[in-house]
Amino acid sequence: MDENTTTVVVKETLDPAPSQVAILQRYADASRCSFNYALGLKHGAQQLWAHGRDRLVAQGQAPAEAARNAPKVEVPGQFAIQKIFLAQRDQPLPGPLLPGQEPRLLYPWWKGVNAIVCQQAFRDADAAFSNWKSAGRRKGVPARYPRFKRRGRCRDSFRMFAVRLVEQDLRHVRIGGGGGQPAFAVRLHRPARRLARLLARGGVTKTVTIAREGHRWVAAFNVRVPVGPAPRPSRRQREAGAVGVDLGVKVFVATSDPVVINDHKIQLFENPRCLENTRRQLRKWQRRMARRHVRGLKSHEQSKGWKEARDQVARLHALVAARRASSQHLVTKRLVTQYAHVALEDLRVKNMTASARGTAENPGRNVKAKAGLNRAILDVGFGEIRRQIEYKALLYGATVTVVDPAYTSQTCNRCGHVDAKSRRTRDQFTCTRCGHATHADIGAAINIKTRAQLSTESVQPRAR
């Protein structure tokens, strides 16, 4: 990527006709089958190499030595897979035909689909296999061995280049055809004004990912736009200075200084509990799914009643995700546009949401309560809030600092005394030394702000 450009993702909701939904579903099925086809070839080569390694281990070699001495097997890449696929895609299905039966293709899913969809799926298989091979050299959680995508279980999506905005009314996108399927225009749920502004600034659409989220189809445009000079904080941001942000469950965001929303100054943002408010409906439809499920049948072979319940569950999950994203974007946008410096806690969400189940020999305690807490933390989305603040701060000239979260809620923000007994209740904080009383979350946010200011002052060069 050019250093003078950056990539902006714009998501637009589609409003396709029923006939167009069938075409989009066919494209998504072709992408899934292409991924499985490529992964099957890679898996076969990997198993062949593993068989040679295991044979050397059986002969007495150490596993590491056997891995080095095993016969090399070339794992096909994207372009090799494309050549193999082009040579095999027109082959008929093996086996005898019944009287009057027409011959069928071995791989019929590529018919009526743009070839780029299959090529991008081959590329995804390459990336998944490469991530697994380099798991020991990468930061973060190691990538597991790639798995085949199951129909009805995986996300319906595909990626292609031949998708462009019809600029006459900004209400349609044109999706390219191929394989006998002509190009077609899909109506958007609302005018794509933001996408049009980025294109008018010189942006270029690189790829478009079309996916189904619940009952809706969305198109995510990856637009490469030129980068101007680094934005500077506004006068309002400089005058406001810094703000500390404390994330929690009952109050999902508490700030050290008020945030203005609709002419109201707010410091405590109550948790909208998007998942909890929808759990009753989710349980009802999930139980219907369980009752209507026939064991032994694949998802596409289940009854219409089971598919109706499955679609309703997906619709509810998409609704929960949309409501959660709305709350997160509202708060994070206000923070980075009203303050020049945002201080956050360096939370380890994976460790915070670890299960308390334990093992059969050493079972855990309060497993149900811990599971509810984990569900509430993940419903708030601590990691997503931090991600949004970090990337939005670059757009509005704000700076972000993360601090150690230890004892922020047990420290008095006035005298600095640390005592767990100072937090009398979940909301009330009364210092056992100086008697200072405040809301526990607001006091923690003030401590986060103070720590961030001290850390930034310590790294600044001293004046001579």
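**Close-up views of a predicted protein model**

Buried residues make up 36% of the 464 residues in the protein, and the model from which this value was computed is a predicted one.

**Figure 1. Overview of the whole protein, with its twelve helices and 14 strands.** Along its principal axes, the C-alpha trace of the protein spans about 95 × 70 × 60 Å. The accessible surface comes to about 27,700 Å², and 51% of that surface belongs to carbon and sulfur atoms. Among contacts between residues at least 6 apart in sequence, 64% join residues that are at least 24 apart. The protein carries 83 positive and 36 negative side chains, and the centres of these two sets lie 3 Å apart. A search of the whole structure finds 21 salt bridges, and several of the views below show examples of such pairs.

**Figure 2. Close-up of the salt bridge between glutamate 213 and lysine 11.** The side chains of these two residues meet with a separation of 3.2 Å, taken from N to O. The pair links distant parts of the chain, since glutamate 213 belongs to strand E6 (residues 204-213) while lysine 11 belongs to strand E1 (residues 5-13), and the two residues are 202 residues apart. Glutamate 213 is partly exposed, with a relative accessible area of 30%, and lysine 11 is also partly exposed, with a relative accessible area of 48%.

**Figure 3. Close-up of helices H1 and H4, where lysine 42 and aspartate 126 form a salt bridge.** In this pair the N to O distance is 2.4 Å. Lysine 42 lies in helix H1 (residues 18-58) and aspartate 126 in helix H4 (residues 115-133), so the salt bridge ties together parts of the protein that are 84 residues apart in sequence. Lysine 42 has a relative accessibility of 3% and therefore counts as buried, whereas aspartate 126, at 23% relative accessibility, counts as partly exposed. Helix H1 also holds leucine 39, which is buried, with a relative accessible area of 1%. Leaving aside neighbours within four places in sequence, leucine 39 is in contact with Ala125, Phe129, Pro146, Arg147 and Phe148. Leucine 39 and cysteine 118 are 79 residues apart in sequence, and their C-alpha atoms are 13 Å apart in space.

**Figure 4. Close-up of a salt-bridge network that includes arginine 426 and aspartate 427.** Arginine 426 forms a salt bridge with aspartate 427, and the closest N and O atoms of the two are 2.5 Å apart. Salt bridges that share partners join Lys250, Arg423, Arg426, Asp427 and Asp441 into one network. Within this group, arginine 426 is partly exposed, with a relative accessible area of 35%, and aspartate 427, at 26% relative accessibility, also counts as partly exposed.

**Figure 5. Close-up of valine 223, a buried residue of strand E7.** Valine 223 is found in strand E7, which covers residues 216-226, and at 0% relative accessibility this valine counts as buried. When neighbours within four places in sequence are left aside, the residues in contact with valine 223 are Thr6, Thr7, Val8, Leu195, Leu198, Leu199, Gly203, Val204 and Thr205. Valine 223 and asparagine 114 are 109 residues apart along the chain, and a distance of 21 Å separates their C-alpha atoms.

**Figure 6. Close-up of a positive surface patch to which helix H7 gives the most residues.** The patch is formed by Arg280, Arg283, Lys284, Arg287, Arg291 and Arg375. Helix H7, which runs over residues 274-292, gives five residues to the patch. Arginine 291 lies in this helix, and its side chain belongs to a residue that is exposed, with a relative accessible area of 62%.

**Figure 7. Close-up of a nonpolar surface patch formed by Tyr391, Leu395 and Tyr396.** Together, the residues of this patch have about 280 Å² of accessible area. Tyrosine 396 has its place in helix H11, which covers residues 382-396, and at 30% relative accessibility tyrosine 396 counts as partly exposed.

Notes: Residues numbered from 1 in each chain as written. Predicted model: local features only at pLDDT ≥ 70, side-chain atom pairs only at ≥ 80, totals over all residues. Heavy atoms only, no water. Patch = residues over 30% accessible without salt bridge, like charges linked within 9 Å, V, L, I, M, F, W, Y side chains within 5 Å. Areas by Shrake-Rupley, 256 points an atom, 1.4 Å probe, with all protein chains shown as cover. Salt bridge = Lys/Arg side-chain N within 4 Å of Asp/Glu carboxyl O. Lys, Arg positive; Asp, Glu negative; His and termini not counted. Charge placed at Lys NZ, Arg CZ, Asp CG, Glu CD. Helix = DSSP H or I, 4+ residues; strand = E, 2+ residues; numbered from the N terminus. Buried < 20%, exposed > 50% of the residue type's maximum accessible area, 1.4 Å probe, protein only. Contact = heavy atoms within 4.5 Å.
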